[in-house]
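Student: I have a structure open and would like to know how the terms used for it are justified. Can we go through them one at a time?

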Amino acid sequence: MTPTRAPRRRLAGAVLGGVALVVLGAAAVAVALVALGALVPGLGAVSGHATVIVQGYGPTLVVVGLVVVLLALATRLRLRRAGTGVAVLGVVGTVALGVVVGQVVGAAGQAGGSVDLLRAVDPHGAVSMPDGYPRYGTGPDGAPLHAALYRPGRAPGPVPVLVYVHGGGWVGGSELDNSADMRWFAEQGRLVISVGYTLATPGRPTWDVAGAQVACALTQVAGLAPGLGGDPGRIVLAGDSAGGQLAVSVAYRAASGTQRSACGGRVPVPRGVLVQYPAVDPVGAWEQGNYPGQPGGAARGFQETYTGGTPDQVPDRYTAIAGVPAITPAAPPTLVLGPTEDELVPPKGVADFVDAARGAGVDATLVRIPYANHAYDIGVSSLGNQVRRTVSRHWLETHGW
């Protein structure tokens with residue numbers, strides 16, 4: 001080897017090591033920021049984004065953090081101080097994020113759920129197509145209303161029925177949303193039917209339309225369930241966000257005999273209500289709700305489009321869609337999954353609703369999901385969605401549904 005080659009190789013190695021440390025350092029900073037944002041609420045967009053990322057990619061980032069630490073330690077052979085600094089940052093961030101993930105897993109266990117962390121490392125999964133797509137009605141604009149049908153896995157005798165109402169702020173989404181989850185619940189031995197409803201648009205509020213359509217679908221499901229292998233005596237009405245509001249409103253008003261159906265007939269009372277981050281406090285959401293990760297970005301348009309105005313302009317409509325006014329002692333057992341850091345549907349309004357239901361004698365349970373924002377259940381096998389699925393399954397099975 002010539003005398004000049006050794007210095008050149010050392011220089012090249014130092015340059016490559018420096019580049020690697022820059023990349024590893026950026027990854028270590030990202031892991032640390034997510035952990036910091038989750039552990040320290042009130043850091044603005046950092047906390048807002050962190051509570052979304054933890055539930056979707058928390059276990060993935062823990063693995064990334066471990067890899068960063070190992071590679072940073074390897075670079076210490078050439079760049080001792082810099083490699084040590086990145087490794088220390090990686091250790092701190094990874095341990096902190098591991099604590100956050102561990103607390104989410106612990107909360108799931110306390111509520112009867114479970115998490116497979118290996119599966120959560122890759123939260124993605126395939127979309128599932130429904131087994132049927134029947135039309136169940138017509139909207140006021142003449143557009144057809146459809147339901148997505150997922151037949152149960154092998155199960156003896158008539159099976160429980162899960163009727164799901166999608167979210168989307170009353171202005172978006174469809175009955176085909178969350179198809180992988182619908183298929184999962186069907187494979188657990190349930191007949192699952194996801195129903196659509198007329199979406200609100202500017203100038204066409206649907207606060208007095210959507211609920212009646214969901215009630216119509218519920219009425220038809222009760223009649224058709226036996227022919228599809230379902231038990232009409234074990235129907236649970238479920239929903240997320242705006243769909244959670246509709247599920248609560250329809251089920252609770254059906255129990256008090258005040259829910260109208262768009263297709264006529266008596267609306268059956270579901271045996272249970274299963275909702276997550278339900279928009280049961282529309283005034284509170286109008287006043288305090290923000291888009292996740294965007295503090296100060298008020299999400300008032302959802303409520304105003306759905307009701308046709310602000311709480312001051314149409315107060316009776318906000319009362320009509322709120323959860324507390326619908327409560328009676330006859331309301332069915334209810335499970336509410338509530339993210340503790342929800343920016344779109346403020347947790348206080350959800351907790352107040354559950355407290356009021358309990359005060360009226362309703363069997364209502366609130367499971368708080370720590371370090372979680374609105375739509376925390378993104379990803380098919382993500383940390384958040386495993387919590388959502390397994391806690392819901394435990395509650396359903398405990399009640400025989």
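Tutor: Start with Val 163, which stands opposite Leu 237 in E5. The model is a predicted one.

Student: What makes E3 and E5 a pair of strands?

Tutor: Two strands pair if at least two bridges are found between them. Strand E3 (residues 159-165) and E5 have 6 bridges, in the parallel sense. The count meets the cut-off, so they are called paired.

Student: What is the order of the strands in the sheet?

Tutor: The order is E1-E2-E4-E3-E5-E6-E7-E8, an open sheet of 8 strands with mixed pairing.

Student: Why are E1 and E8 called edge strands?

Tutor: Each of the two has a single partner strand, so E1 and E8 each have one side without a neighbour in the sheet. From one strand to the next, the twist averages 20°.

Student: Where is Ser 241 found?

Tutor: Ser 241 is in the loop between strand E5 (230-240) and helix H7 (242-255). An unreviewed UniProt entry carries the annotation "active site" for Ser 241.

Student: Why is Ser 241 called buried?

Tutor: Buried means under 20% relative accessible area. Ser 241 has 10%, so the word applies.

Student: What is notable about the phi of Ser 241?

Tutor: Phi of Ser 241 is near 55°, a positive value in a residue other than glycine. Most residues other than glycine have a negative phi. Ala 375 also has a positive phi, of about 60°, although it is not a glycine.

Student: Where does Ala 375 lie, and why is Ala 375 called partly exposed?

Tutor: Ala 375 lies in the loop between strand E8 (364-369) and helix H12 (383-398). Partly exposed is the class between the cut-offs of 20% and 50%. The relative accessibility of Ala 375 is 29%, so it belongs there.

Student: How do you know that Asp 240 and Arg 388 form a salt bridge?

Tutor: The rule asks for a side-chain nitrogen of Lys or Arg within 4 Å of a carboxyl oxygen of Asp or Glu. The closest N and O atoms of Asp 240 and Arg 388 are 3.5 Å apart, so the pair meets the rule. Asp 240 lies in strand E5 and Arg 388 in helix H12, so the salt bridge ties together parts that are 148 residues apart in sequence. Both Asp 240 and Arg 388 are buried.

Student: What makes Arg 183 and Asp 131 a salt bridge?

Tutor: Their closest N and O atoms are 2.9 Å apart, and the limit is 4 Å. Arg 183 is in helix H5 (residues 179-187), while Asp 131 is in the loop between helix H4 (117-120) and strand E1 (135-138); the two are 52 residues apart and link distant parts of the chain.

Student: Which class of accessibility does Arg 183 belong to, and which does Asp 131 belong to?

Tutor: Arg 183 has a relative accessible area of 16%, so it is buried. Asp 131 is at 42%, so it counts as partly exposed.

Student: How far apart are the closest N and O atoms of Asp 352 and Lys 348?

Tutor: They are 2.7 Å apart, and the pair forms a salt bridge. Both residues lie in helix H11 (residues 347-359), 4 residues apart, about one turn of the helix.

Student: Why is Lys 348 called exposed, and why is Asp 352 called partly exposed?

Tutor: Exposed means over 50%. Lys 348 is at 59%, so it is exposed. Asp 352 has 35%, so it is partly exposed.

Student: How many salt bridges are counted by this rule?

Tutor: The count is 9.

Student: Which residues make the nonpolar surface patch?

Tutor: Val 29, Leu 33, Leu 36, Leu 39, Val 40, Leu 43, Val 46 and Leu 89 make a patch of about 570 Å². Helix H1 (residues 5-39) gives the most, with 4 residues.

Student: What makes Leu 43 accessible enough for the patch?

Tutor: Patch residues need over 30% relative accessible area. Leu 43 is at 35%, so it passes that cut-off. Leu 43 is in the loop between H1 and helix H2 (45-75).

Technical notes. Residues are numbered from 1 along each chain as its sequence is written. This is a predicted model: local features need pLDDT of at least 70, side-chain atom pairs count only at pLDDT 80 or more; totals for chains, interfaces and linings use all residues. Side-chain values use heavy atoms; hydrogens and water are left out. Patches are made of residues with over 30% relative accessible area and no salt bridge: like charges are joined within 9 Å, nonpolar side chains (Val, Leu, Ile, Met, Phe, Trp, Tyr) within 5 Å. Accessible areas come from the Shrake-Rupley method with a 1.4 Å probe; for residues, only the protein chains shown count as cover. Buried means under 20% relative accessible area, exposed over 50%, partly exposed in between (1.4 Å probe, protein chains only). Axes are lines fitted to C-alpha atoms, for helices over the stretch in contact, and angles run from 0 to 180 degrees between N-to-C directions. UniProt positions are given in the numbering used here, feature names are shortened, and annotations may be inferred rather than shown by experiment.
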